[in-house]
Amino acid sequence: MKTYTSIFTVALSLCLFSCLGFSKKESNSIDQESIGNYKPSKETKVAYFASGCFWCVEAIFESVKGVEEAVSGYAGGHTINPTYESSNTGTTGHAETVAVYYNPKIVSFETLVKVYFGSHNPTTVNGQHPDYGSQYRSIAFYENDTEKKIIDDMIATLNKEVYNGKVATEVAKLKKFYKAEEYHQDFEKRNPNQPYVKAVSIPRLNKFKNKFPELLKKESH
């Protein structure tokens, strides 16, 4: 009986402290223009990054000056209309990805790439602790040759100066971004007492803030 009790306790803990541990049935909207009350301007550009649970990644980018909105979703896969449940099987090829809407007059794509690599461990293959699986892999997406060069140059520098050639981040051309279910949007901000948010998202956000205070919005939470 003690053995079964221990197994149950471990299973329950993993459920509580995992991005995968929170699920809610809701239809998946893939309309990229459907971003609540936010309306991007003609000057707004979008960058796409995957580095673990999108609850964490979204909160980090939304704290950066010049970022107007960050939207959680899925990219990098081979199926159409992925959902949270299907992407978390690891069979759709999609990674939890955040679309970062930004004003290039305030923050550059290069700075966003700096934020990206400075806010996760790019040497981890298929995951960011405590979330593991291909859906949590590190991918920096590009839409043109200029963006690709910025990402490639950053990886080359990090491999040489910091990680000794161990950066595992994929560099991929964006084919399609699917907006995640509505309950995932602004999840960290709306659910500050959720166990995973308290144990993982908020500490990861605070670690980023301490590392890059000069990049933060004044009203950053």
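# Close-up views of a predicted model

**Figure 1. The largest nonpolar core of the predicted model contains 46 residues.** Within this core, the residues with the most contacts are F49, W55, F61, L112 and F117. Two or more core residues come from each of the elements β1 (45-51), α2 (54-62), β2 (67-75), β3 (95-102), α4 (109-118), β6 (138-142), α5 (145-161) and α7 (195-211). Helix α2 supplies the largest share, seven residues. Another core, of 14 residues, lies apart from the largest one, and its members include A99, Y101, F141 and L174. As a general rule, nonpolar side chains in soluble globular proteins tend to be buried together.

**Figure 2. L112 is shown with its contacts from other parts of the chain.** When neighbours within four places in sequence are left aside, L112 is in contact with A47, F49, F61, V67, V100, Y102 and V107. L112 and two of these partners, F49 and F61, are among the residues with the most contacts inside the largest core. In the protein as a whole, 77% of the contacts with a separation of 6 or more join residues 24 or more positions apart.

**Figure 3. Helix α2 is mostly covered by the rest of the protein.** How many of the residues of α2 are buried? The count is nine of nine. These buried residues are F54, W55, C56, V57, E58, A59, I60, F61 and E62, and the charged residues E58 and E62 thus appear in the list together with the nonpolar ones. For the whole protein of 221 residues, buried residues make up 47%. The protein has seven helices and eight strands.

**Figure 4. Helices α2 and α7 pass each other in a right-handed crossing.** Their axes come within 9 Å and cross at roughly 35 degrees. On the side of α2, the contact is made by W55, C56, V57, A59 and I60. On the side of α7, the contact is made by Y196, V200, S201, R204, L205 and F208. Sorted by class, these residues are nine nonpolar, one polar and one charged.

**Figure 5. C53 and C56 are shown with their sulfur atoms.** Why is there no bond between the sulfur of C56 and the closest cysteine sulfur? The closest cysteine sulfur, in C53, is 4.6 Å away, which is too far for a bond, because a disulfide requires sulfur atoms within 2.5 Å. A search of the whole structure finds zero disulfides. C56 counts as buried, at 1% relative accessibility, and belongs to the contact of α2 with α7. In general terms, a disulfide is a covalent bond between the sulfur atoms of two cysteines.

**Figure 6. E143 is located in the loop between β6 and α5.** Is E143 buried or partly exposed? With a relative accessible area of 39%, E143 is partly exposed. Not counting residues up to four places away in sequence, E143 touches V46, Y48, K173 and L174. K173 is 30 residues from E143 in sequence, yet their C-alpha atoms are 5.8 Å apart in space. L174, another of the residues touched by E143, is a member of the core of 14 residues.

**Figure 7. K189 lies in helix α6, which covers residues 187-190.** The relative accessible area of K189 is 46%, and this residue is therefore partly exposed. K189 and S201 are 12 residues apart along the chain, and their C-alpha atoms are separated by 9.9 Å. S201 also takes part in the contact of α7 with α2.

Terms used. Residues are numbered from 1 along each chain as its sequence is written. This is a predicted model: local features need pLDDT of at least 70, side-chain atom pairs count only at pLDDT 80 or more; totals for chains, interfaces and linings use all residues. Side-chain values use heavy atoms; hydrogens and water are left out. A nonpolar core is a set of buried Ala, Val, Leu, Ile, Met, Phe, Trp, Tyr and Cys residues joined through side-chain atoms within 4.5 Å. Buried means under 20% relative accessible area, exposed over 50%, partly exposed in between (1.4 Å probe, protein chains only). Helices (H or I, at least four residues) and strands (E, at least two) are DSSP runs, numbered from the N terminus. Contact means heavy atoms within 4.5 Å. Axes are lines fitted to C-alpha atoms, for helices over the stretch in contact, and angles run from 0 to 180 degrees between N-to-C directions. A crossing is left-handed if the near helix is turned anticlockwise from the far one by less than a right angle, and right-handed if clockwise.
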